[in-house]
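Let's take a look at how two protein chains meet. Have the model open while you read.

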Amino acid sequence: MVGRYPDFDVFDAVETWDHATRKVIEDRMALAGRPLRFFTPEEEPTLRAFCDTVMAQDDEPRVPVAEFVDDKLAAGRLDGYQYADMPDDRETWRLVLAGLDEAARDRFGAEGFAAADPTGREEVVDALAAGKLSGGSWERLNVTRAWSVVMHAVLTGFYSHPWAWNEIGFGGPAYPRGFMRLGPVSTLEPFESPGATQEDPVRIVAEGEV
Amino acid sequence: MRDLIRGILKGAVGPEANDSRFLLDVHSRDLPGESTMVRYDDSDEVDLVVVGAGAGGSVLAQRLARAGWRVVILEAGPFWHPDEDWVSDEAGSHQLYWTQKRIIGGSDPIPMGSNNSGRGVGGSMVHYAGYCPRFHPSDFHTHSVDGVGADWPITYEDLRPHYEQVERELPVAGQDWPWGHPHRYPFSPHPVSEQGAVLWRGAIRAGVEMRVGPVGIVNGTFGNRPHCIYRGYCLQGCKVNAKASPYVTHLPDALAHRVEIRADCMVARVELDDATGRAVGVVYHDEVGGTERLQRARFVAVSGYSIETPRLLLQSTSRRFPHGLGNNDDQVGRYVMVQGAAQTAGRFPEEIRQYKAPPPEVSSEQFYETDPARGFARGFSIQTVGPLPITWSEHVLADGHWGRALREYMRDYNHWATIGVLNELLPHQDNRVTLAEETDPYGLPVARFDFSVGDNDQANMDYSTKVIKDILEAAGAQDVLTVHRYAHLVGGARMGTSPESSVLDANQRIWGVPNVFCSDGSVMPTQGSANPALTIMALASRLAERMASGRAMDSSGALVG
């Protein structure tokens, strides 16, 4: 994906971040490549294939989404609620990964979700997003809610990473620096740079150009 | 005349009987006085034990400590040290929320945690956005006037002096307010960002009046509280000390008046003496797996908010109250309310950068009151919001995008502006908190919260979503994207005029128990379409005044003087 903010890097301002924030972000970046603690070696390929598919990450370097999710679940950092018709989030994740493998086997005769080709994986995820998977592990879940539970964790992992902020032109941590140029006439801070392009995503997605 | 002078002098006149702003340290965000804080012994019968160091509990403690009461606050969460514990980062602020498990059910289950439940000293105001509107006078008698909801046992006039006092303490900044009971604010409105300006322009074209504020964010000099730096991380805990929360507005003064805050203490039950019918104190755990401790107290105030307060009352069984404290008429945990909080974002050709400036900026209460022409009772308010990237990605996901489409929408983040509503959803007896079978690490049953939207609620939400779409279109948005969600919590231990239909009397005291009060959002019979923080504080301020004078302990439970 072509970067919209080629001249922007949140790390240019790293010296202005407070030490507590900087440590949290550096720890998060250090998750990359760390062995998984919550998911089993058997679950790992499915987890990675799922995170790659839903975040359209098909190349290195990757934002370590799988490691983020694993760390969150291993540490028990849950979100404070559990739907009455759903298991605990940790159990939900295991069931979703098992269900993805089952769907790939049923649909394509693939060994598992990770072994399916990209188009096949997207077809399965499409069905999951639409709540249209059933049988096997899916019978133990409310499929629509399972999608929102897993995607909440995946999106938090991806968009908490500085590389994602660079892609979207987000200013990142802002304490104690703050902002002096709020608008309202599109003024930018010296460390912000305008987008190089400005395609309307609604049109691009609607016309199938992604 | 006094109001006029204050209005002219704006922030130059500070609040009375609260020195918090001077006690804060200019160079450190720690709560001053922690190291020298008084420590009471469990067996030492204090005057008041408060359960929960949030908006309701902290104001009550600060006021009564000033009146000479010996007060202990037990808080389930940690004692924050913001310089180290709070970060300028969305995902890194997870520990500010009450993330202990709750079971959610009903036809519209409400996700708990990030946008409605706090944990730790300061409560959920640590991560609230900062909007501080008052309730309207009509909110206190919706049943008589609109035929829906419930009447409060008190009126707007009972709360008005406390609204004024708390607004000076936070302090609240905003334009002169034309809706409800018209009033001024102690501080001038904050500057408006690109996003605020774009949305406001759209509102004007759509015929919707908006005003800047009201927000509990310092705009000028206020003791040792710094000016806002507009970094946009209000929902992640204000590392600046500019945004109001009890941590900076009331607890410094409370500690200076010999209040003890005992953090990391989970209260298991209010202990009742069945012989006298009086509470003797509260039983709590100071660690998981630890032995039970009993803090003795003359009075108990439960300030755990709309989930934990009912949970604690239901857990507090005794011979007199076999189904939970104050629950002999099956009222505890009922009438819990949330507000509809749909948000609509619009795409603009120019960059907006909605992450800059505090999310709460400009708001409207033009649609707050009942308008028969709209086809439903009561109304909604409109407020600007500014989702940071993770929250924004949830909006995009909710619009049906993932994978490459989601990445495409996301990299366009800077071109979107977001505005939200708060709908007054009506109280219903089946929207309630009960105890689930599952237990937490302390061995206490977790709460279950069932919620279902009613017909009037749905009509209100449908109408309001259309209004904010119109605003965005009038502003020139090329496309709009709407997410349906909920925010805030109130009710669950409501005050009323009889024990058959409420948990508390007009003094927020549990019917039939002479020395247990509730001081938090759970006491509210209705919620208006205002953010609840300011009203929770004003109610606590009023309760403290009545407890200090002894009027709250009048046995009739009715309003006396």
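How many salt bridges does the rule find across the interface of chain A and chain B? There are ten of them in this predicted model. One pairs the side chain of A:Glu199 with that of B:Arg411, at 3.7 Å from N to O. Polar contacts turn up here too: 36 residue pairs make one across the interface, with both residues at pLDDT 80 or more.

On the chain A side, the elements that give two or more residues to the surface touching chain B include these:

| Element of chain A | Residues |
|---|---|
| helix H1 | 19-29 |
| helix H2 | 44-54 |
| strand S1 | 82-83 |
| helix H5 | 118-129 |
| helix H6 | 143-159 |
| helix H7 | 162-168 |
| helix H8 | 201-206 |

Helix H6 of chain A gives the largest share, eight residues. Sort the chain A residues that touch chain B by character and you get 38 nonpolar, 20 polar and 17 charged.

Now for the overall extent. On chain A, 75 residues are in contact with 67 residues of chain B. Putting the two chains together buries about 5900 Å², and carbon and sulfur atoms give 57% of that. If you want three residues to click on, try A:Tyr159, A:Tyr175 and A:Leu182: they supply 12% of the area that chain A buries against chain B, more than any other three residues.

Strands meet across the interface as well. Strand S1 of chain A runs parallel to strand S3 of chain B (residues 103-105), and two bridges join them. Which residue of S3(B) is the bridge partner of A:Tyr83? That's B:Ile104.

Key
Residues numbered from 1 in each chain as written. Chains lettered and ligands numbered in written order. Predicted model: local features only at pLDDT ≥ 70, side-chain atom pairs only at ≥ 80, totals over all residues. Heavy atoms only, no water. Contact = heavy atoms within 4.5 Å. Buried area = accessible area lost by both parts, 1.4 Å probe. Salt bridge = Lys/Arg side-chain N within 4 Å of Asp/Glu carboxyl O. Polar contact = N/O pair within 3.5 Å; in protein donor to acceptor, adjacent residues only side chain to side chain. Helix = DSSP H or I, 4+ residues; strand = E, 2+ residues; numbered from the N terminus. Nonpolar A, V, L, I, M, F, W, Y, C, P; charged D, E, K, R; others polar. Pairing = 2+ DSSP bridges.
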